Amino acid sequence: MNVTEFAEQVVFGTTLEDKLWVPGRLTHEPNRQSAPYLDSISTPGRPAGLQMRHGKGGNLQPPSDDKLENEQARGQLLHFLANHELLATELMALVLLKFPEAPHAFRQGVLVTLQEEQAHTRMYIQRMKECGVEFGSYPVNGQFWRMIEPMQSPMDFVSRLSLTFEQANLDYSLHFASVFRKLGDTRTADVLQQIYEDEIGHVQHGLHWFRQWKNQEQSDWEAYQNSLEYPMSPQRALGPRGAFNRDGRVQAGLTDEFIDVRRPYGGLIRARKSNWLARLQRAMSRYWINWEKISNW
Ligand SMILES: [Fe+2]
Ligand SMILES: [Fe+2]
């Protein structure tokens, strides 16, 4: 099997076996062109029960931390997180299909990351099963897909996925690892800890390529802001309030400027803005604007 055939199976397959299949050694086909059908794929193939839902009921929120004593609620949270890992798997496959001309080393890195996303999905599925929940028994949304699928370049991909949603996962995975450890559920905590450690590498990989492709006259932070278009925004790179994980970001190689300017309600934002501006920022968080420029008025 070659890389394209494998990536097509992951994106368009309609069973979990297709999507989570461990490929082994894949061949690379030279001079492949990106197929025109890849210009817009509204949804990847999904098994019954896991089709992405939009609108009412499609964005079922996971249980809050204080509900996680209950096994069923734990399973529901793991279901929510597993869908994100499955989306990451599908999006990694999509970037392989969309940009065959991207550097070989980048594509190799994506291929390795894709297989870690598959493993994360399997780990969550296994653990939710032990909690009595089957994958597909709750509605799943496709927000990541809708926001990342329109990417126009590999640079766009690393900005949207690696530096935004995977960066947010540094907060989510470590936060939930700590919640489960406090509850005495070390098995789930270990799963989340493993995922957290892998996600540091995923952000690192994206950052490495982002630095190759960005405007070299701009700082990482400036280039990142310039690379995102609505509805993407740097706010989406943050996990739950109070779970900001500076250490993971440092390990991933992000600069102090990149890290501290987006500390929620803190860092440079708090230092530089009056209260009314901070309130305005929260209200406008859906419509990202350049706070650095505003602060320099
Ligand atoms: Fe992951
Ligand atoms: Fe990841």
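Two residues count as in contact here if their C-beta atoms, placed from the backbone, lie within 7 Å. Keep that in mind and select Leu 91: setting aside neighbours within four places in sequence, Leu 91 is in contact with Phe 144, Trp 145, Ile 148 and Leu 161. One thing before we go on: what you have open is a predicted model.

**The whole chain**

Zoom out and switch to a cartoon view. You'll find 13 helices and two strands. The chain has 297 residues, and 38% of them count as buried. Now for the contacts with a separation of 6 or more: 76% of these are between residues 24 or more positions apart.

**The core**

Go back to Leu 91 and add Ala 93 to your selection. In the largest nonpolar core, which has 67 residues, these two touch the most other members. Which elements give two or more residues to this core? Colour them in: α1 (3–12), α3 (71–98), α4, α5 (143–148), α6 (154–182), α7 (186–213), α8 (220–227) and α10 (256–260). The biggest giver is α3, with 14 residues. As a general point, nonpolar side chains in soluble globular proteins tend to be buried together.

**Along α4**

Next, select residues 104–130, which is helix α4. From first C-alpha to last, the 27 residues of α4 reach 40 Å, close to the expected 39 Å. Step just past the end of α4 and click on Gly 132, where phi is positive, at about 90°. Most residues other than glycine have a negative phi.

**α8 and what covers it**

Now pick out helix α8. Which of its residues are buried? They are Trp 221, Ala 223, Tyr 224, Gln 225 and Ser 227. Show α6 and α10 too, since both are among the things covering those buried residues.

While α6 is on screen, click on Ser 178, which sits in that helix. Is Ser 178 buried or partly exposed? It counts as partly exposed because it has 15 C-beta neighbours inside 10 Å, and being buried takes 20 or more. Draw a distance from Ser 178 to Leu 192: the two are 14 residues apart along the chain, and their C-alpha atoms are separated by 8.9 Å.

**A cis bond in a loop**

Follow the chain on from α8 into the loop that leads to α9 (246–252), where you'll meet Pro 231. Tyr 230 is in that loop as well. The peptide bond joining Tyr 230 and Pro 231 is cis, with omega at about 15°. Most peptide bonds are trans.

Why does Tyr 230 count as exposed? Because it has 9 C-beta neighbours inside 10 Å, and the cut-off for exposed is 12 or fewer. Try another distance here: Tyr 230 and Met 147 are 83 residues apart along the chain, with 9.2 Å between their C-alpha atoms.

**Back towards the start**

Select Thr 15, in the loop between α1 and α2 (16–20). Thr 15 has 14 other C-beta atoms within 10 Å, so it is partly exposed. Add Gly 45, which is 30 residues from Thr 15 in sequence but 8.2 Å away in space, C-alpha to C-alpha.

**Where to be careful**

Finally, colour by pLDDT. The chain has a mean of 87, and 86% of its residues reach 70 or more. Among the elements, confidence is highest in α7, at 98, and lowest in helix α13 (residues 291–295), at a mean of 41. Two stretches to select are residues 265–279, with pLDDT below 50, and residues 285–297, where pLDDT stays under 50. Where pLDDT is low, the predicted coordinates should not be read in detail.

Definitions and conventions:
Residues are numbered from 1 along each chain as its sequence is written. Chains are lettered from A and ligands numbered from 1 in the order in which they are written. This is a predicted model: local features need pLDDT of at least 70, side-chain atom pairs count only at pLDDT 80 or more; totals for chains, interfaces and linings use all residues. Helices (H or I, at least four residues) and strands (E, at least two) are DSSP runs, numbered from the N terminus. The expected span of a helix is 1.5 Å times one less than its number of residues. A nonpolar core is a set of buried Ala, Val, Leu, Ile, Met, Phe, Trp, Tyr and Cys residues joined through C-beta atoms within 7 Å. pLDDT is the predictor's confidence in each residue, from 0 to 100.
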